[in-house]
Amino acid sequence: MENYIKIEFPSKSCNEAFARAAAGAFAAQLDITVEELADIKTSVSEAVTNAIIHGYSGMRGIVEMRCKISGQTVEIVVSDKGCGIADVPLAMQPLYSDSKDDERSGMGFTVMQSFMDTLKVESEVGVGTTVTMTKKVGASFEN
Amino acid sequence: MEMTLERVGTTLVAKLDGELDQSCAAEIREKIDKEINMHSIINLVMDFDRVDFMDSSGIGMLIGRYKLIKARGGKMLIIRTSPQVDKIIELSGLKGLIEFG
């Protein structure tokens with residue numbers, strides 16, 4: 001199967017639920033387990049939250065989400081045109097957070113890495129951040 | 001997300017209902033902390049029976065409440081988590097700190 005969607009929305013926290021629901025509904029076109037669906041929704045929630053909280057840091061901006069199905073693989077791309085990440089490897093370390101909110105867990109990228117098959121983070125300070133992640137689903141239905 | 005709070009002596013039971021993410025984590029945190037401080041609460045039970053989604057924003061909130069309860073010499077218990085919630089809790093390492101039932 002080949003299919004795609006592209007959605008953009010303002011960087012409002014209430015859109016986190018919308019984004020993960022949309023990505024989940026899109027991925028559900030495939031034979032997919034409940035766990036795989038939950039993994040995708042959780043990873044989307046992390047990527048979109050990062051875009052809103054870190055990328056735009058309370059400023060208004062546009063978050064773009066693209067989802068693509070190629071065969072049994074789901075690819076999700078979440079982009080913002082926010083402040084960017086100065087040191088991507090540092091930001092991807094477990095428990096790292098530069099947020100002023102001391103109750104941020106710093107686990108966003110760890111969740112994405114653990115729940116998806118691949119994760120790529122491209123960022124430039126002052127330009128924005130693009131997170132690309134993929135997951136092959138439905139292996140348990142193959143037999 | 002909806003939440004009901006019940007006090008049993010010095011124990012607070014927080015029953016969560018809905019999806020726990022960044023959009024509601026701060027509000028949940030504030031309501032629980034206010035109740036803890038107003039009523040000299042020592043122990044905290046968090047009931048996840050009706051929580052069908054949680055991301056790492058929820059983990060941050062749980063770690064914060066754990067620190068608060070620990071500082072008061074109490075215990076924190078998390079009960080009735082779904083497989084999705086359980087998976088992210090497992091990843092966070094919280095299972096080594098907080099009691100689960």
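The following exchange examines how several terms apply to this predicted model.

User: What makes chain A as compact as a globular protein of that length?

Analyst: Chain A contains four helices and five strands. Its radius of gyration is 15 Å, close to the 15 Å that the globule rule gives for 143 residues, so the description as compact as a globular protein of that length applies.

User: Why is the pair Glu35(B) and Arg7(B) called a salt bridge?

Analyst: The closest N and O atoms of Glu35(B) and Arg7(B) are 2.8 Å apart; because a salt bridge requires a side-chain nitrogen of Lys or Arg within 4 Å of a carboxyl oxygen of Asp or Glu, the pair qualifies. Glu35(B) belongs to helix 1 (residues 22-38) and Arg7(B) to strand 1 (residues 2-8) of chain B, 28 residues apart.

User: Is Glu35(B) buried or exposed, and how do you know?

Analyst: Its relative accessible area is 15%, and buried means under 20%, so Glu35(B) is buried. Arg7(B), at 44%, falls between that limit and 50% and therefore counts as partly exposed.

User: Why does the pair Lys75(B) and Glu99(B) count as a salt bridge?

Analyst: Their closest N and O atoms are 3.9 Å apart, which is within 4 Å, so the criterion is met. Lys75(B) lies in the loop between helix 2 (56-71) and strand 4 (76-79) of chain B and Glu99(B) in strand 5 (residues 99-100), so the pair ties together parts that are 24 residues apart in sequence.

User: What makes Lys75(B) exposed?

Analyst: Lys75(B) has a relative accessible area of 56%; exposed means over 50%, so the term applies. Glu99(B), at 42%, is partly exposed.

Terms used
Residues are numbered from 1 along each chain as its sequence is written. Chains are lettered from A and ligands numbered from 1 in the order in which they are written. This is a predicted model: local features need pLDDT of at least 70, side-chain atom pairs count only at pLDDT 80 or more; totals for chains, interfaces and linings use all residues. Side-chain values use heavy atoms; hydrogens and water are left out. Helices (H or I, at least four residues) and strands (E, at least two) are DSSP runs, numbered from the N terminus. The radius of gyration is taken over C-alpha atoms; the globule rule is 2.2 Å times the number of residues to the power 0.38. Buried means under 20% relative accessible area, exposed over 50%, partly exposed in between (1.4 Å probe, protein chains only).
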